[in-house]
Amino acid sequence: MVQAYILIQTEVGRAESVAREIAGLPGITAAEDVTGPYDVIVRAEATDVDELGRLVVAQVQRVSGITRTLTCPVVHLA
């Protein structure tokens, strides 16, 4: 199982609706609108890196109101 945080910038005033829509996508375990340089932070999981990439490109990035994403895979160092 691969897990990642997806940091999302949205159009002004769209964070809440973007988080709500993304929360309903398969593979998304959490979606929160936040303050700071990013507007929404999402926790996602997939069976492998390729599936994670498809989730981000084919589903998350197609949500209306998103201007930029940054995917941060979780690593387990110990």
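The following exercises, each with a worked solution, concern the fold and packing of this predicted model.

Residues are numbered from 1 along each chain as its sequence is written, and side-chain values use heavy atoms, with hydrogens and water left out. Because the model is predicted, local features need pLDDT of at least 70 and side-chain atom pairs count only at pLDDT 80 or more, while totals for chains, interfaces and linings use all residues.

**Exercise 1. Determine the order of the strands in the sheet and identify the edge strands.**

Solution.
Step 1. Helices (H or I, at least four residues) and strands (E, at least two) are DSSP runs, numbered from the N terminus. Two strands pair if DSSP finds at least two bridges between them.
Step 2. Strand S1 (residues 2–10) pairs with strand S3 (residues 40–46) through seven bridges in the antiparallel sense; Ile6 is found opposite Val42 there.
Step 3. S1 is also joined to strand S4 (residues 66–73), again antiparallel, by seven bridges. Ala4 has Pro73 as its bridge partner in S4, and Thr10 has Ile66.
Step 4. S2 and S3 run antiparallel and are linked by five bridges, with Glu32 bridged to Ile41 in S3.
Step 5. The result is an open, antiparallel sheet of four strands in the order S2-S3-S1-S4. S2 and S4 are the edge strands, since each pairs on one side only. From one strand to the next, the twist averages 20°.

**Exercise 2. Describe how the helices are placed against the sheet, and which way the side chains of S3 point.**

Solution.
Step 1. H1 lies across S1, S2, S3 and S4 and runs at about 175° to S2. Axes are lines fitted to C-alpha atoms, for helices over the stretch in contact (heavy atoms within 4.5 Å); angles run from 0 to 180 degrees between N-to-C directions.
Step 2. H2 lies across S1, S2, S3 and S4 as well, at about 140° to S3.
Step 3. Side chains alternate along S3: Val40, Val42, Ala44 and Ala46 point to one face and are buried, whereas Ile41, Arg43 and Glu45 point to the other and are not. Buried means under 20% relative accessible area, exposed over 50%, and partly exposed in between (1.4 Å probe, protein chains only).

**Exercise 3. Identify the residues that touch the most other members of the largest nonpolar core, and the elements that contribute to this core.**

Solution.
Step 1. A nonpolar core is a set of buried Ala, Val, Leu, Ile, Met, Phe, Trp, Tyr and Cys residues joined through side-chain atoms within 4.5 Å.
Step 2. The largest such core has 21 residues, of which Ile8, Ile22, Ile28, Val42, Leu52 and Val60 touch the most other members.
Step 3. Two or more residues each come from S1, helix H1 (15–23), strand S2 (28–33), S3 and helix H2 (49–59).
Step 4. Apart from neighbours within four places in sequence, Leu52 contacts Val2, Ala4, Ala44, Ala46 and Thr71.

**Exercise 4. Classify Thr10 and Asp33 as buried, partly exposed or exposed, and list their contacts.**

Solution.
Step 1. Thr10, in strand S1, is buried because its relative accessible area is 11%.
Step 2. Residues up to four places away in sequence aside, Thr10 touches Ala15, Val18, Asp39, Val40, Gly65, Ile66 and Thr67.
Step 3. Asp33, in strand S2, has a relative accessibility of 43% and therefore counts as partly exposed.
Step 4. Beyond its neighbours within four places in sequence, Asp33 is in contact with Ala15, Glu16, Ala19, Asp39 and Val40.
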